[in-house]
Amino acid sequence: MPLRKVIYITLIFVLFISIPIVSNKVLPAISSGSGAESPISTFSEINKEDLYKKISTYSNQHKIEPIDAIIDRVWKAIPGYNGLEVDIEASYKNMKPGTSMDTNKIIFKEVSPTIHLDDLDPSPIYRGNPEKPMVSLLINVAWGNEYIPRILKVLSDSQVKATFFFDGSWVKKNPDLAMTIHLEGHEIGNHAYSHPDLKHRSIAETTEELKKTNHIIEATVGTKPKWFAPPSGSFNQETIHVADRLGMKTILWTVDTVDWRKPATSEMVSRVVAGVANGSMVLMHPTKPVAEGLETMITEIKTKGYYLGTVSDLMSEKRIDK
């Protein structure tokens, strides 16, 4: 065989057997099934890890610890308040790996306290959590029907829900008005049946007052109260326990309008607005000063940066972030 032909055949053979060898060396480097990482995969993982780290760092810097419910020496039972932290996984999914971190796409989640209001021993409640920028209006109703329509209109126009505490005998005499208040979306509480001085009543008498009121409220408006406001703020520890056994917590107040003394409307409004703070509960009745000053009071409380809600809203651990 001529030498030129031998050389030609040899070159073809060498070229043929070299192809799988090259393939074995090159293909695994770009195959996802091999043990080696491709340059593209490594770049993606580095960017993913970097974004996770940035979100975690942001989370550590912006974490707010939850606040447990406590029994304070002065304010007695105070509800807890949820904390706040970054949901790292949800925030990561909300962004694109390989891009810079966008704080506008950070997703937060609330963190519940360890101790809740229901975990505390029965105790009166004078205020909400001092970190919650909310104020509640407490309206005790045993008389004053002529001012209720005007008060309801102001609340409706202001888009505010209050907690009305009904005297049981009043509900019996005014079922339609009681239903109107309920249908307006306001919360209904128990204010005993005959406006008694419960501090000087027996356990049996107190139980009868509260049970009778709950019964008439349920029969009239179809809702069972979970909050109880002792008439004139008069109570003892047995009063608290009776309410607790009936499934209600005892509500007092932080700021008093003292409207029953018929103060000048402007003076009453100024005093109340100056006195409210985070978690305040404002006591009032359906009186002329309240009917005249409620709109201004609500406007100025909102101007100070507070939300207005029911007692249930205020006692809730749910956060309000401005």
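Select S123 to begin: in this predicted model the residue is buried, with a relative accessible area of 12%, which puts S123 under the 20% limit for that class. S123 sits in the loop that runs between β4 (108-111) and β5 (134-141). If you display its surroundings and set aside residues up to four places away in sequence, S123 touches I71, K76, A77, I240 and T250.

Stay in the loop between β4 and β5 and select I125, which is found there as well. I125 counts as buried, at 1% relative accessibility. Leaving aside neighbours within four places in sequence, the residues in contact with I125 are A77, L117, W227, K249, T250, I251, L252, M281 and M315. A77 and T250 are thus among the contacts of I125, and they are also among the residues that S123 touches. A distance label is useful between I125 and I251, which are 126 residues apart in sequence but have their C-alpha atoms 5.0 Å apart in space.

The next selection is R127, again in the loop between β4 and β5. Is this arginine, R127, buried or exposed? With a relative accessibility of 11%, R127 counts as buried. Beyond residues up to four places away in sequence, R127 touches W75, A77, I78, P79, T254, N278, G279, M281 and M315. Of these, A77, M281 and M315 also appear among the contacts of I125. Measured out in the viewer or not, the pair to label here is R127 and L314, which lie 187 residues apart in sequence and 8.4 Å apart from C-alpha to C-alpha.

Now move to the stretch that precedes β4 and select D102, in the loop between α3 (88-93) and β4. D102 counts as partly exposed, at 27% relative accessibility. The partner to show with D102 is Y92, 10 residues away along the chain, with a separation of 10.0 Å between the two C-alpha atoms.

Two backbone positions come next. Most residues other than glycine have a negative phi. Select H195, which is not a glycine and yet has a positive phi of about 50 degrees. H195 is placed in the loop between β7 (187-190) and α7 (203-221), and its relative accessibility of 36% makes H195 partly exposed. Then select K262, another residue other than glycine with a positive phi, here near 55 degrees. K262 belongs to the loop between β10 (255-256) and α9 (265-275), and at 72% relative accessibility K262 counts as exposed.

From the loop of H195, continue into α7 and display this helix together with α8 (residues 237-245). The axes of α7 and α8 are 10 Å apart, and the two helices pack at an angle of about 45 degrees. How are α7 and α8 oriented to each other? They are oblique, because an angle of about 45 degrees falls outside the ranges that count as roughly parallel, roughly antiparallel or roughly perpendicular. To see the contact itself, show I203, T206, T207 and L210 on the α7 side, which meet E238, T239, V242, A243 and R245 on the α8 side. Sorted by class, the contact of α7 with α8 comprises 4 nonpolar, 3 polar and 2 charged residues. Looking along the line between the axes, you will find that the crossing of α7 and α8 is right-handed.

From the loop of K262, continue in the same manner into α9 and add α10 (residues 288-303). Here the helices pack at an angle of about 35 degrees, with their axes 9 Å apart, and α9 passes α10 in a right-handed crossing. Which residues of α9 and α10 meet? From α9 they are T265, M268, V269, V272 and V273, and from α10 they are P289, V290, E292, G293, T296, M297, E300 and I301. The residues in the contact of α9 with α10 divide into 8 nonpolar, 3 polar and 2 charged.

Finally, clear the selections and show the whole protein chain, whose secondary structure comes to 11 helices and 12 strands. Colouring by accessibility will bring out the buried residues, which make up 42% of the 322 residues in the chain. The accessible surface of the protein chain comes to about 17,500 Å², and 55% of this area belongs to carbon and sulfur atoms. Among contacts with a separation of 6 or more, 75% are between residues 24 or more positions apart; the contact of I125 with I251, residues that are 126 positions apart in sequence, can serve as one example to keep on display.

Terms used:
Residues are numbered from 1 along each chain as its sequence is written. This is a predicted model: local features need pLDDT of at least 70, side-chain atom pairs count only at pLDDT 80 or more; totals for chains, interfaces and linings use all residues. Side-chain values use heavy atoms; hydrogens and water are left out. Helices (H or I, at least four residues) and strands (E, at least two) are DSSP runs, numbered from the N terminus. Buried means under 20% relative accessible area, exposed over 50%, partly exposed in between (1.4 Å probe, protein chains only). Contact means heavy atoms within 4.5 Å. Accessible areas come from the Shrake-Rupley method with a 1.4 Å probe; for residues, only the protein chains shown count as cover. Axes are lines fitted to C-alpha atoms, for helices over the stretch in contact, and angles run from 0 to 180 degrees between N-to-C directions. Angles under 35 degrees count as roughly parallel, over 145 as roughly antiparallel, 65 to 115 as roughly perpendicular and the rest as oblique. A crossing is left-handed if the near helix is turned anticlockwise from the far one by less than a right angle, and right-handed if clockwise. Ala, Val, Leu, Ile, Met, Phe, Trp, Tyr, Cys and Pro count as nonpolar, Asp, Glu, Lys and Arg as charged, and the others, Gly among them, as polar.
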